[in-house]
Amino acid sequence: MTTQEVRLCGLLLQEHFGDVVEKVGTHLIRSGVLNLRALALETKLALDLVKKSLCVLVQHGMCTFGAGRRGPAGPVEYRISCERIIHMLRYPRYIYTAKSLYGDTGELIVEEILQRGQMTMSSTVKTVADRLTHNMPEGQSMDYSEVVSAFSQLVETHFLQRCPPVASAGPSDSGAVDPPPPAVTPSEPENHPDCYRVPYINLTGKGKRRRSSEDGEADQRAAKKAKTDNDECGDEGIFWQVNFERFHLHFRDQAIINAVSCKLDQTSSEIVRTMLRMSEVTTPANAAFTQALSANEIFRALPSNYNIARPILDQYLTLLVDDPMEFVGKTGDSGGGMYVVNLHRALANLARATLESVVQERFGSRSARIFRLLLRKRHLEQKQVEDFAMIPAKEAKDMLYTLLSENLVQLQEIPKTPDHAPSRTFYLYTVNQLPTARLLLQHCYKTVGNLIERRLYETKENKRLLEKSQRIEAILASLQATGAETTQLTEVEEMITAPERQQLESLRHHINKLDSSENQVDETIFLLESYITSTQASR
Amino acid sequence: MAGRGRGQLTFSVEIVGIGKGENLPPSTVQPTPVFPPLDQKPVPLQAGEEAEYMLALKQEFRGAMKTLPFYIRPAAPKKDVERYSDKYQKSETTDNSLEWKPDWRSFPKELRVREKRPQRDKSQAVPKLPKQPRVDKEEIIRKLETLEQKEEEGSSDEGEGEKKKPEEEEAEGEEECDEEEFEGETDYVMSYFDNEEEFGGESDDNMDEAIY
């Protein structure tokens, strides 16, 4: 794990789970694999706190445990997965995607499961129904069956999956007098045959509206009743988690479709969208290209509002194949032409476009021209760079050295003689896409870390003001609830002076900007990560 | 072989394009300045409904996580002297058990935190146990001596106070609600009398005067 990744993980854990979990998590990332005793000893925290933190991390799927180096008889060892923690940056994007695909119900289901790590179906349905009922106008309530159907849809399209069952080490249900296995190892979720099977639960009813005038006790009683009701629903012990891989495939498809629609036009992007949709289930996760689809199949599967004629479809497909971005490739002629979507090549092109855009925005369009030249021509000498880029020598030199000092461009020596004499060696400038993408990815992690730290700093600086405004809002809310007059309300509002109000406004503006930036950097992170994983998988 | 003119480099710099006698910028001997002025201004952020909605989602998620039981706060640091008001400022992290119940079947057994709270506190205090009864018994005896005059008013309170101390020492499962019940029944806090031992001492001397 690189320094920047560890730093980012620490900040994310601290924001969402508190300082204790952050300490435990960071230490576990740095040391690799540890058992409970060693972890408590090295972090100098109370054993209880360490146990609680590990429980939280395991619940959210960020920490896995297994039999250690001494085998099943030894202590259990814990391992943290950094990338799961960094996925926390992307949670808003997951929730938004669920909303765009399955409406408000889907959005709330995914949000609940993300907040709690794992949940049973019945508890999710109840909580979501209650939340939806809360937002509905008086007198209406959300039926459980609607939420159940939305949940089933999410499972059918593999956005949700069952948590992997923990395989016990010994025959514990034989009833023999075996000592219980000390360590249990969870298996991969995909290996479980029932991974995407919705259990039958008998859950009928409607969401309950929580009245604000009710006593807190009544809520607690209702909550306790809900817990005991769980046992009657028939899905004990079946927990569901969000299937991040499936969301990533969806994002990747979206990126490709957007790129096609930007480069060509809307109809081409619809064709590519149809092709991707048809090969959703048949294509394995990290494949370099989709299954081959014949033009006839594509024609039949096009959405009905796009009634383009068959020869027009063929023309579009030819255009897509001939495009230098190589989104679509032709693999055969049967069935009117067999076409595939080149996933890996599309990702590589998108990553390349990102790199070029970064160089352009950072160093100017002429440096970007040099960069693109080097990407295309692989190795070039100093003189050749000046000639091909049509930039005067002095400026070209300057730009090349700037790029070299930022490590975006590398120098390659090619000796003419075995003794590597400098006067008899070629020095060529080159750009390697994969290492440069990795470098940029680390920069992105550092950027997000900086953004989070700046946001925490801004919040800390203005803590007094924020607390004051929160108190005043609470007072206002309670006054309004008890029906106070407008004079009282204005009096309370005036407790915040105008310059303070301005300061608060600018603080809110800054924090919103920093948060938005995090979301946007995360899009770049996703693209670069997908490109790197795809390249590694295709090797 | 190497270009002797410009330091000891392993290659002659004409190849990379620096001519003879050309002025190079001075070498940097300190880290780059913080927040240097940028030549190219950054592109503005994406605006629009989608970006704003995701921003709202992000901030709501962060706020919600802080209220969930997964947000673990460290125990409040111990103050130097026990204050009277400590009993009324119940800190949020007094219970050692998790406030949510994970499915222990899919968790390693060693992570399970025992839920009996007084038992855990007392089991940690076991090594100190031999010393404690002696000190407490002395306190009780002293209390009894100095508070003889207060028997009528303080008898019920004392009885509960005495009962409370042996309760704390016992390691067997005393329920929390018992202690709180005793504390809740009376208007006066038990430790009120612990701190003010001179209260009874004064009354010893001034038997003639009325006590207000």
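A charge sits over a ring if NZ of Lys or CZ of Arg is within 6 Å of the ring centre and within 35 degrees of the ring normal. Keep that in mind for this predicted model. A:Lys416 fits: it lies over the face of A:Phe426, 4.6 Å from the ring centre. A:Arg93 does it too. Its charged end sits over the ring of A:Phe526, 5.5 Å from the centre.

A:Phe526 also belongs to a cluster linked by ring pairs. Among the other members are A:Tyr91, A:Tyr94, A:Phe244 and, from chain B, B:Phe61.

Now the ring pairs. Over all chains, the search finds 13 aromatic pairs. Take A:Phe65 and A:Tyr78. This pair is tilted, at 6.4 Å centre to centre, with 55 degrees between the planes. A:Phe65 is in strand E2 of chain A and A:Tyr78 in strand E3 of chain A, so the pair ties together parts 13 residues apart in sequence. Both A:Phe65 and A:Tyr78 are buried.

Next, A:Tyr96 and B:Tyr53. Their ring centres are 5.7 Å apart and their planes at 55 degrees, so this pair is tilted. A:Tyr96 sits in helix H6 of chain A and B:Tyr53 in helix H1 of chain B, so the pair joins two chains. Buried or partly exposed, A:Tyr96? Partly exposed, with a relative accessible area of 22%. B:Tyr53 is partly exposed as well, at 28%.

Last, confidence. Chain A has a mean pLDDT of 84, and 88% of its residues reach 70 or more. Among the elements of chain A, helix H18 has the highest mean, 95, and helix H9 the lowest, 45. Over residues 168-184 of chain A, pLDDT is below 50; that stretch has 16 contacts in the model beyond near neighbours in sequence.

How values were computed
Residues numbered from 1 in each chain as written. Chains lettered and ligands numbered in written order. Predicted model: local features only at pLDDT ≥ 70, side-chain atom pairs only at ≥ 80, totals over all residues. Heavy atoms only, no water. pLDDT = per-residue confidence, 0-100. Helix = DSSP H or I, 4+ residues; strand = E, 2+ residues; numbered from the N terminus. Contact = heavy atoms within 4.5 Å. Phe/Tyr/Trp six-rings, centres within 6.5 Å; stacked < 30°, edge-to-face > 60°. Buried < 20%, exposed > 50% of the residue type's maximum accessible area, 1.4 Å probe, protein only.
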